[in-house]
Amino acid sequence: MSVIEFVGIPCSGKTRFYQKLKKLLKNKFNIFNYSDLFYIFSKEIINLSLFEKISLRAGYRIYKNRFNSKKTKNMNFTKKSLSLYSYLKSIIKNLINKKIKLVKNKLINSLSQKEKKIFIILNESIQNSPLNNKQKIILKSRMMEELIGLHIYKKKNLKNCIILNDEGLFQRILSRVGKFEKKDIKKIFTNIDLFKEYFLNGAILFTKSSFNKIKLKSKKRKEGFKFNNFSDNEIKIWINVFNKFYKNYKKNKIFIIKDKNLIQTSNKIIKIQ
């Protein structure tokens, strides 16, 4: 079983390469990401109530359909009944989310001291990232799923599976840029060194892009992270942070991913795991 994280500055192509690689591998392997592992296998590593198990199952369905464009357009609701349906759906979804949040906290509290230290590092990284408060809350929830998923990966013996993440826990740590001062950058690499010891046999697919391409893609984006409020110097500092991460990582565990080497790189990663 292989575990793979994509790492790269925002707007460098992580999602595009993730989708390409997933399409390439899905006929040969079962593909999961950290969040899949959280929703599917949490009930096997900790005692959960029936309602918690049901909430995880329902939450997983919501998670998988989050970006589904098919809304209610095929349903013949009146305006009044649609309003009632949306209201009831919202209440149920909130109940599920509250229960899932409790499950996440329960699992985080059950981690080892070393894993709890990693959780603190990841949480601090998010709080010092260039996101607004709403985005930080959303990303913290996702980070908890990711850490729990990696914990499950280490416990389970899943055969013929690949754990493929379009982003991952290294990406969270590399987002801790704070005010782009030297002390902020130094802290990033101190935390990277601590997390490396836990990640061990995982592989990194690194997306590299030039300053000009990153700025151009950011301008074209309709959704997702944008560099609108960044100075050119801040963007360049962040690019250098990612490049330093690549330079310092074990060369047999990190690979620059490109269109022309996608198949070759995927075969190499699978072989060394």
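Modeller: Contact, or touching, means heavy atoms within 4.5 Å. This is a predicted model, in which local features need pLDDT of at least 70 and side-chain atom pairs count only at pLDDT 80 or more, while totals for chains, interfaces and linings use all residues. Residues are numbered from 1 along each chain as its sequence is written, and side-chain values use heavy atoms, with hydrogens and water left out.

Colleague: Which residues does Phe-195 touch, not counting residues up to four places away in sequence?

Modeller: Phe-195 takes part in a ring cluster that also includes Phe-170 and Phe-245; rings of Phe, Tyr and Trp (its six-membered ring) pair if their centres lie within 6.5 Å. Beyond four places in sequence, Phe-195 touches Ile-118, Leu-150, Leu-169, Phe-170 and Ile-173.

Colleague: Which helix gives the most to the largest nonpolar core?

Modeller: A nonpolar core is a set of buried Ala, Val, Leu, Ile, Met, Phe, Trp, Tyr and Cys residues joined through side-chain atoms within 4.5 Å, where buried means under 20% relative accessible area (1.4 Å probe, protein chains only). The largest has 65 residues, and Leu-147 and Trp-238 are among those touching the most other members. With eight residues, the greatest contribution comes from helix 6 (helices are DSSP runs of H or I, at least four residues; strands are runs of E, at least two; both are numbered from the N terminus).

Colleague: Which strands stand at the edges of the sheet?

Modeller: Two strands pair if DSSP finds at least two bridges between them. The open sheet has five strands in the order 2-3-1-4-5, with parallel pairing. Each edge strand has a single partner, so one side of it is left without a neighbour in the sheet; these are strand 2 (30-32) and strand 5 (254-256).

Colleague: How many disulfides does the structure hold?

Modeller: A disulfide is a pair of cysteine sulfur atoms within 2.5 Å. Cys-11 is buried at a relative accessible area of 3%, and Cys-161 is buried at 7%. The number of disulfides is zero.

Colleague: How far apart in sequence are the parts that Tyr-39 and Tyr-63 tie together?

Modeller: The ring centres of Tyr-39 and Tyr-63 are 5.5 Å apart with planes at 25°, so the pair is stacked (planes under 30 degrees apart count as stacked, over 60 as edge-to-face and the rest as tilted). Both tyrosines are buried. Tyr-39 lies in helix 2 and Tyr-63 in helix 3, so the separation of the parts they tie together is 24 residues.

Colleague: What is the angle between the planes of Phe-180 and Phe-230?

Modeller: Phe-180 is buried at 12% and Phe-230 at 14%. Their pair is edge-to-face, with 5.9 Å centre to centre and an angle between the planes of 85°.

How values were computed
Buried means under 20% relative accessible area, exposed over 50%, partly exposed in between (1.4 Å probe, protein chains only).
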